[in-house]
Amino acid sequence: MIDLQVQDKTHDEAKQGEALILDTPVKADARKLYIESYGCAMNFADSEIVASILSETGFETTGDYHQADVIFINTCSIRENAETRVRNRLSQFGVEKRRNPKLIVGVLGCMAERLKSKFLEEERLVDVVVGPDAYRDLPNLIEQVESGHKAVNVLLSREETYADISPVRLNSNGITAFISITRGCNNMCSFCVVPFTRGRERSRDAHSIVEEAKGLFEAGYREVTLLGQNVDSYTWTSEDGTETINFAQLLEQTALVNPDLRVRFSTSHPKDITDEVLHTIAKYDNICNYIHLPVQSGNTRVLELMNRTYTREWYINRIDAIKNIIPGCAISTDIIAGFCTETEEEHQDTLSMLDYVKYDFAYNFTYSERPGTLAARKLEDDIPEEVKKRRLAEILAKQQAHSLLRLQEWVGKTVRVLIEGTSKKSDKDYCGRGDSGAMAIFPAIEGVKPGEYANVLIEKCTSATLIGKIV
């Protein structure tokens with residue numbers, strides 16, 4: 001029976017609160033680490049770095065926090081609902097801590113810097129608070145807590161990229177993996193806390209990125225996603241100044257690791273994505289024809305209030321370039337409904353942008369004010385919640401129609417799919433993704449297994465899933 005309910009793992013919401021487990025031999029005397037992640041793909045990649053650092057001091061991961069000696073929750077401050085979930089989860093861990101007073105509970109990541117005093121002093125929910133640039137200090141911070149002190153390190157760095165740390169692949173299917181290429185962000189979007197919680201942008205050594213990709217391929221991985229808050233601004237210069245590599249060149253070097261290593265990337269910024277990048281994608285078959293290009297709003301005035309540094313016309317220019325240079329390229333986006341002072345006419349501009357692009361899929365949210373951002377300080381969150389929700393519903397309805405339309409274009413075509421595993425509801429069905437990133441479901445056949453590519457004839461689709469058979 002074909003399973004139509006397979007969760008699209010490209011949507012971060014599917015992984016929120018996931019416990020990360022490393023498949024290693026269990027040692028009777030090993031201390032147990034339980035780590036949960038919320039937010040963007042960068043946070044999930046950071047959790048792998050944390051596990052790698054702590055594995056060097058004798059920690060093993062566990063999927064049961066009741067067995068843990070240390071519990072870490074890797075946090076996000078982008079949206080209010082993420083903070084609510086984290087606080088609720090910390091309360092649950094507090095119950096376990098009362099049962100086991102030696103248990104160490106810590107908060108990592110973006111929320112750590114902003115709410116350190118609340119967590120440590122006012123609410124007394126945690127023992128240790130660690131920002132995204134201070135993970136190397138974790139063994140020392142844990143020792144401080146064990147000696148009876150609260151511990152905190154939320155210092156931001158202009159240099160830290162963790163380039164020399166080989167991330168432990170947690171909960172991995174052994175087929176797809178993230179590779180962080182930058183940390184931090186130099187864009188000061190008025191709604192976003194990332195520049196304050198992750199610091200200024202730093203680009204990782206290009207050679208370490210390519211070597212990590214090679215190592216993953218040799219270990220059996222067949223897809224890597226290059227991660228950064230803004231991958232298009234990636235620029236690395238060697239210490240002696242003799243070599244400078246931009247994102248297009250990094251993409252090419254990663255693609256050249258092996259033709260069977262599929263390469264994805266996220267996230268692009270409309271002001272920075274270049275024709276050179278687009279031509280590089282078009283040149284290599286193993287660079288996926290898929291670009292996530294957040295628009296946030298279809299109206300120039302609202303974009304200016306958001307400090308996005310591009311206009312509606314500029315964004316359309318980039319969309320046209322993508323479609324001209326990479327025909328058939330899948331495009332996804334982010335949209336915020338009900339940003340400060342957004343009028344009904346300006347909301348209509350966003351709807352018309354959806355009609356113009358016809359995105360393959362989109363991550364859509366109502367605006368929620370984040371403390372510390374420029375918008376929180378300078379702009380009034382003056383759109384009533386019921387208006388935000390109604391506008392969001394209109395965006396969602398239009399996008400769902402476009403998603404179905406885009407998937408219907410694949411019906412009757414044969415797609416080269418990387419098999420990622422069996423579907424969640426039937427081990428008789430495989431699931432995997434084509435070049436566009438759309439999930440395909442198809443019956444498993446003898447002689448073909450996860451980690452391999454298969455040609456799948458698409459016979460039908462839902463608004464979120466392609467359905468077919470191996471040919």
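Here is a walk through some salt bridges and one loop residue in this structure, which is a predicted model.

Let's start with the charged pairs. The model has 26 salt bridges in total, and we'll look at a handful of them. A simple one to begin with sits in helix α7, which covers residues 206-218. E211 and K214 are both in that helix, 3 residues apart, or about one turn. Their side chains pair up in a salt bridge, with 3.4 Å from N to O. How exposed are the two partners? E211 has a relative accessible area of 48%, so it counts as partly exposed. K214 comes in at 35%, so it falls in the partly exposed class as well.

Now jump along the chain to K388, which is worth a longer look. Is K388 buried or exposed? Its relative accessibility is just 1%, and because buried means under 20%, K388 counts as buried. This lysine has a salt bridge to D381, where the closest N and O atoms are 2.9 Å apart. D381 itself is partly exposed, at 30% relative accessible area.

K388 also meets the side chain of E385 in a salt bridge, this time at 3.3 Å from N to O. Here the spacing is again worth checking on the model: E385 and K388 both belong to helix α14 (residues 385-408), and they are 3 residues apart, about one turn of the helix. E385 is partly exposed, with a relative accessibility of 41%. So if you centre your view on K388, you have a buried lysine with salt bridges to D381 and to E385.

Salt bridges can also join up into something bigger than a pair, and there is a case of that here. Which residues are linked in a network? The members are E342, E344, R390, R391 and E394, connected to one another through salt bridges.

Last stop: a loop. N186 sits in the stretch between β9 (182-183) and α6 (194-198). With a relative accessible area of 36%, N186 is partly exposed. What does N186 touch, once you set aside residues up to four places away in sequence? The answer is R200 and E201. The E201 contact has a polar side to it: a polar atom of the N186 side chain lies 2.9 Å from the backbone nitrogen of E201. G199 is another residue to find while you are there, since its C-alpha is 8.0 Å from that of N186 although the two are 13 residues apart in sequence.

Notes. Residues are numbered from 1 along each chain as its sequence is written. This is a predicted model: local features need pLDDT of at least 70, side-chain atom pairs count only at pLDDT 80 or more; totals for chains, interfaces and linings use all residues. Side-chain values use heavy atoms; hydrogens and water are left out. A salt bridge is a side-chain nitrogen of Lys or Arg within 4 Å of a carboxyl oxygen of Asp or Glu. Helices (H or I, at least four residues) and strands (E, at least two) are DSSP runs, numbered from the N terminus. Buried means under 20% relative accessible area, exposed over 50%, partly exposed in between (1.4 Å probe, protein chains only). Contact means heavy atoms within 4.5 Å. A polar contact is a pair of N or O atoms within 3.5 Å; within protein, one must be able to donate a hydrogen and the other to accept it, and residues adjacent in sequence count only if both atoms are side-chain atoms.
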